[in-house]
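Let us take a walk through this model together, starting at a single strand residue and ending with a few backbone details. Keep the structure open beside you as you read.

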Amino acid sequence: MTPKQVLQLIKSKHIEFVDCRFMDFPGLWQHTTYPSSELTEQSFIDGFGFDGSSIRGWQAINESDMLLVPVSDTAKIDPFLQHPTLSLICDIKDPITKKEYSRDPRSVARKAVSYLQHTKIADTAYFGPELEFFIFDNVWYDQTVNKAGYMVDSYEGVWNRGKQDPSNLGYQVRLKEGYFPCAPMDTGVNIRAEMVDVMLQMGIPVECHHHEVATGGQAEIDLRFQELVHMADTCMYYKYIVKNVAARHGKVVTFMPKPLFQDNGSGMHTHLSLWKAGKPLMAGKKYAGLSDLGLYAIGGILKHARALIALTNPTTNSFKRLVPGFEAPVNLVYSSRNRSAAIRIPMYQDNPKTKRIEFRCPDASCNPYLAFSALLMAAIDGIKHKIDPGQPLDKDLYDLEPEEYEAIGSAPVDLAEALNELERDHKFLLEGGVFTEDVIHYWIKYKRDNEVQALRMRPHPFEFCMYFDI
């Protein structure tokens with residue numbers, strides 16, 4: 001959609017407001033709203049001024065002025081706001097130089113695509129993330145000087161099975177048995193269908209929706225693959241839609257990776273394929289139908305995986321899911337069908353156009369612009385340097401001999417370790433100016449100061465269970 005077409009849409013649909021949205025550094029959508037009369041064709045060039053010093057991880061107070069520059073082809077009519085409103089995703093630019101702001105995550109994603117094209121390896125990177133989330137009926141949490149706690153609740157949670165209440169019909173989902181049950185056990189089928197309906201109305205392609213493994217309302221809505229930047233944009237609309245549809249029903253959605261103890265966490269398995277001149281590049285005659293290029297891409301991702309995880313799994317809670325011996329793919333190996341491997345090659349169809357690799361570590365707490373860009377940069381590094389991924393591992397990883405298992409690399413055990421790995425191994429991200437030293441440095445500093453250190457300083461409720469009687 002061109003700027004002229006956006007203005008025509010505003011006129012034909014009697015749009016009253018324009019909502020300009022952008023991504024902060026850690027990964028939350030921000031917005032500011034203008035009367036639609038303020039948007040002109042020139043606005044798509046000059047942008048709107050705003051204070052960047054109040055955004056997490058951005059400008060200092062003495063250089064706070066920045067520009068929001070709307071991107072016309074991201075325009076969507078908002079289905080939730082009372083007054084007719086058009087949503088536009090914006091790029092962030094410096095008002096003096098008019099250059100893209102290096103800490104704008106969307107700018108990083110665009111530079112990653114440009115770098116891919118510059119290498120001549122491919123011209124398009126398609127991404128297909130599988131975002132998982134929980135739909136809860138209510139939640140509370142708090143941390144004070146002398147008190148800490150949380151509670152999430154869902155009608156279908158197994159902990160409600162013994163609730164002596166006339167409304168309890170006994171259809172709670174048992175631990176780890178939530179994958180694909182029909183209603184009435186699947187209590188979220190109608191609300192998920194409504195979420196999908198809104199997505200389709202907004203032009204977001206959806207493949208399917210279903211209940212996920214965990215009890216307590218875990219869900220997944222699968223998107224059809226899209227080009228990197230468009231997919232990152234879509235992920236942000238996805239989160240906005242599912243949260244607001246849930247709110248319509250008096251429920252709440254969280255993409256927190258591990259809100260429940262003893263059951264599966266929420267991941268974001270991410271599929272990647274490279275194309276050039278309309279032809280798929282991942283398919284070939286090597287292992288699992290991959291090409292040499294596909295294997296080299298795996299080699300790059302595995303080589304840099306421990307650093308990548310600081311961007312694809314960027315919260316302290318992420319590592320409550322990435323625990324060896326449980327459901328998460330912490331083993332840094334690849335396989336054609338083994339879901340406990342960090343990289344899987346899906347084998348559903350024997351079609352070159354569907355050949356792709358799936359990185360299974362990420363979760364949806366990530367900033368998708370940064371996570372997808374980093375994943376692409378690792379794949380490019382593997383292809384450029386022909387990095388051998390080693391032998392695939394098709395055995396059941398839980399049946400390996402101790403010496404075999406010890407030879408396998410594994411994901412970092414916590415965010416602090418992942419940040420250390422990123423600090424050590426990030427040169428591949430700097431190629432082509434995609435990421436900058438400032439972006440990497442500030443990401444590590446922000447995460448250490450505001451998340452790692454913050455958690456270290458606070459007593460954990462379970463520590464009272466273990467140590468109070470010492």
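Our starting point is Thr33, which sits in strand β2 (residues 29-35). Please keep in mind that the model is predicted. Thr33 has a relative accessibility of 38%, so it counts as partly exposed. Beyond its neighbours within four places in sequence, Thr33 is in contact with Phe17, Val18 and Asp19. With Asp19 there is also a polar contact between the two side chains, at 2.5 Å. If you look from Thr33 to Cys90, you cross 57 residues in sequence but 12 Å in space, C-alpha to C-alpha.

**Helix α4 and its surroundings**

Next comes helix α4, which covers residues 189-201, 13 residues in total. From first C-alpha to last, α4 reaches 18 Å, close to the 18 Å expected at 1.5 Å a residue. Which residues of α4 are buried? They are Ile191, Arg192, Met195, Val196, Val198 and Met199. Viewed down the axis of α4, these buried residues fall within an arc of 160°, so they line one face of the helix. The spacing fits a general rule: an α-helix has 3.6 residues a turn, so residues three or four places apart point the same way. On the other side of α4, you will find Asn190 and Gln201 exposed.

What covers the buried residues of α4? The cover includes the strands β7 (124-136), β10 (206-211), β11 (218-223) and β13 (252-254), together with helix α5 (228-248).

**The core**

Met195 of α4 turns up again in the largest nonpolar core, which has 125 residues. Met195 is listed there among the residues with the most contacts inside the core, along with Phe133, Leu272, Leu274, Ile301, Ile357 and Phe435. The largest share of this core, 13 residues, comes from α5. In soluble globular proteins, nonpolar side chains tend to be buried together. For a view of one core member, turn to Phe435: residues up to four places away in sequence aside, Phe435 touches Val108, Leu311, Leu370, Ser373, Ala374, Leu429, Leu430 and Ile440.

**A buried glutamine and a hairpin**

Gln226 is placed in strand β12 (residues 226-227). Is Gln226 buried or exposed? With a relative accessibility of 15%, Gln226 counts as buried. Its contacts, leaving out residues up to four places away in sequence, are Ala125, Tyr126, Phe127, Pro205, Met231 and Thr234. The side chains of Gln226 and Thr234 are joined by a polar contact of 3.2 Å.

Elsewhere, strands β8 (residues 138-143) and β9 (residues 148-153) run antiparallel and are joined by 6 bridges. Asn138 stands opposite Asp153 in β9, and a hairpin of 4 residues links β8 to β9.

**Backbone details**

In the loop between β9 and α4 lies Pro184, which is joined to Ala183 by a cis peptide bond with omega at about 10°. After α4 comes Gly203, whose phi is positive, near 80°. Two residues other than glycine also have positive phi, as the table shows.

| Residue | Phi | Loop | Relative accessibility |
|---|---|---|---|
| Lys120 | near 70° | between α3 (105-119) and β7 | 59%, exposed |
| Lys386 | near 50° | between α8 (368-384) and α9 (402-406) | 58%, exposed |

How values were computed
Residues numbered from 1 in each chain as written. Heavy atoms only, no water. Helix = DSSP H or I, 4+ residues; strand = E, 2+ residues; numbered from the N terminus. Expected span 1.5 Å × (residues − 1). Buried < 20%, exposed > 50% of the residue type's maximum accessible area, 1.4 Å probe, protein only. Arc of directions from axis to C-beta. Contact = heavy atoms within 4.5 Å. Pairing = 2+ DSSP bridges. Polar contact = N/O pair within 3.5 Å; in protein donor to acceptor, adjacent residues only side chain to side chain. Core = buried A, V, L, I, M, F, W, Y, C linked by side-chain atoms within 4.5 Å.
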